[in-house]
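Please open the model in your viewer and keep the sequence panel beside it, since this tour moves from one selection to the next.

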Amino acid sequence: MSTAATVSTINKLIGEKVLTEKDNIADSRVATQLDSYDPLRKFREDFLLPTHKGIKATEAESALQDAACTYFVGNSLGPLAKRSKELLEEELAVWASTGVNGHFAHPHDRNWMTIAHKATRIMASIVGAEETEVACMGTLTANLHLMMTSFYKPTQNKYKILCEYHAFPSDQYAFASQVQLHGFDPKDAIIEMKPREGEFTLREEDILTVIKDQGPSIALVLFSGIQYYTGQLFPMASITRAAKEQNCICGWDLAHAVGNVPLRLNAWGVDFAVWCTYKYLNSGPGGIGGLFINKRWTEAKKPMLAGWWGHDEATRFEMPPTFLPIPGAQGFQQSNPSALNVVTLLGSLQIFEAAGGMGPIRLKSEALTAYLEALLHASPNYVKSEELSETKKHCFTIITPSELGSRGAQLSLLFRPKGIMPQIFEGMIRRGVIGDERNPDVIRLAPIPLYCTFHDCLRAVKALDDSFSSLK
């Protein structure tokens, strides 16, 4: 982004022309001013952020050991929301004091029989869906297999799956096992799109061309909403539209998109989507997953792998022998969800709701990420991606798209020469900044808007530069 675009993006959040192109963005006074104008700043206090001591930030001042670190790894695991902790402790107390009665006579009006509905209501608004199109259930890969069992119906001529190259491994395993289950060879049946030579991300026109040209043989188009490694936000609306024009089913893995960018799954005509909730939605390690099924499939797609929690609620506990599915996505539920997992998600979702939903959150996300990008561009260790192969010095580049509409709250940094990334990563941790390392050469930094600050961005880049200076 240009300086003018960065300034405009930040001022859009603030609502006033506080920042000018003449301001030194690396001045801590500027960061302090921006944080003071941040309309979402109060929500940071709703989270229990890991401490310097907790991440082993040995070079942080002793007086700061119990203070919050700079937590730029919420794209891997979100922090604990105080409300989630409160709800979890309440559920444990209800379990201890009422036992099985918590299913139907919960003292806090959260009957375990229907507790998932409380999370589903807010989740539906986050993904742009009707409540009947969403279910809080299972885990991401289990839900992906469940959806592919229902929607991937290959024929002899139309059997291929189109996805991005270097998708998250769990997706790759699921794709391969599903095509093998139908008797096809993954090497033939799975089309993995790679970026052009010398580029790090996929071009929209290239994706659309492949869908158009190979559509007659493609049964399923299934990309990540946001590519976990590069941080690229795919043009979901246009990809979905192109897939439908070729009579392809279009599904999405939203692990890195849900709670990160605004979604309109129903309006875009997405057939199905799956996601986890422990990243941007802060539900806790291994938290409950979610899925979406477009309402137009309510009659045509009935659960193929039925379970009792997908049975009609009115008669579920009468234990009838014949399965009567709940209409929509919730009919695909199999087992009763853990109330403990649901409430840790619910506590975080209530913060999203209090913040005004994804609109205000996205606005701050764009500003914060633009600010971090500008600071990184000003680093003496930064080089443009096209200059990466020519330089001999220790350096990094950013492989995440610079356009706001092509990224979420993540910047992926690629380091050269090969092999220095682990030293930089450990150096940043020692200085109180934790991101996410992806071997062999990438560190992902995620300034998440509900709890990260402009000062956090400043600290992160200083820790990065200091870590470069200490390389041996």
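## Cysteines, cavities and a buried serine

In this predicted model, a search of the whole structure finds 0 disulfides. Select Cys 276 to begin with: this residue is in no disulfide, and the nearest cysteine sulfur, which belongs to Cys 136, is 13 Å away. With the cut-off for burial set at under 20% relative accessible area, Cys 276 counts as buried because its relative accessibility is 3%. Select Cys 395 next, which is likewise to be called buried, because its relative accessible area is 0%.

Now turn from the cysteines to the enclosed spaces. Rolling a probe the size of a water molecule over the atoms shows where empty space is left. A search of the whole structure finds 2 cavities of 30 Å³ or more, and the largest cavity holds about 70 Å³ of space.

To find the largest cavity, select Ala 116, His 117, Trp 309, Gln 330 and Gln 333, which lie nearest its centre among the 15 residues that line it. Two elements, helix α4 (115–127) and strand β4 (134–136), each give two or more residues to this lining, so colouring both of them is a useful next step in the viewer. Of these, α4 supplies the largest share of the lining, with 4 residues. If you then colour the lining of the largest cavity by residue class, you should see 8 nonpolar, 5 polar and 2 charged residues.

Move on to the second largest cavity, in which about 50 Å³ of space lies. Its lining can be selected in full as Gly 259, Tyr 280, Asn 282, Phe 352, Ile 361, Ile 448, Pro 449 and Leu 450. Colouring this lining by class gives 6 nonpolar and 2 polar residues, with no charged residue in the set.

Keep Pro 449 on display, as one of the residues lining the second largest cavity, and add Ser 365 to the selection. Which residues, leaving aside its neighbours within four places in sequence, is Ser 365 in contact with? They are Gly 408, Ala 409 and Pro 449. Ser 365 itself lies in helix α12, which spans residues 358–377. Is Ser 365 buried or exposed? Ser 365 counts as buried, because its relative accessibility is 1%, where buried means under 20%.

How values were computed: Residues are numbered from 1 along each chain as its sequence is written. This is a predicted model: local features need pLDDT of at least 70, side-chain atom pairs count only at pLDDT 80 or more; totals for chains, interfaces and linings use all residues. Side-chain values use heavy atoms; hydrogens and water are left out. On a 1 Å grid over the protein atoms alone, a cavity is a set of points where a 1.4 Å probe fits but cannot get out, and a pocket is an open set with protein on both sides within 12 Å along at least five of seven lines; lining residues have an atom within 4 Å of a point. Grid points are joined across faces, edges and corners, and a volume is the space filled by probe spheres set on the points. Ala, Val, Leu, Ile, Met, Phe, Trp, Tyr, Cys and Pro count as nonpolar, Asp, Glu, Lys and Arg as charged, and the others, Gly among them, as polar. Buried means under 20% relative accessible area, exposed over 50%, partly exposed in between (1.4 Å probe, protein chains only). Contact means heavy atoms within 4.5 Å. A disulfide is a pair of cysteine sulfur atoms within 2.5 Å.
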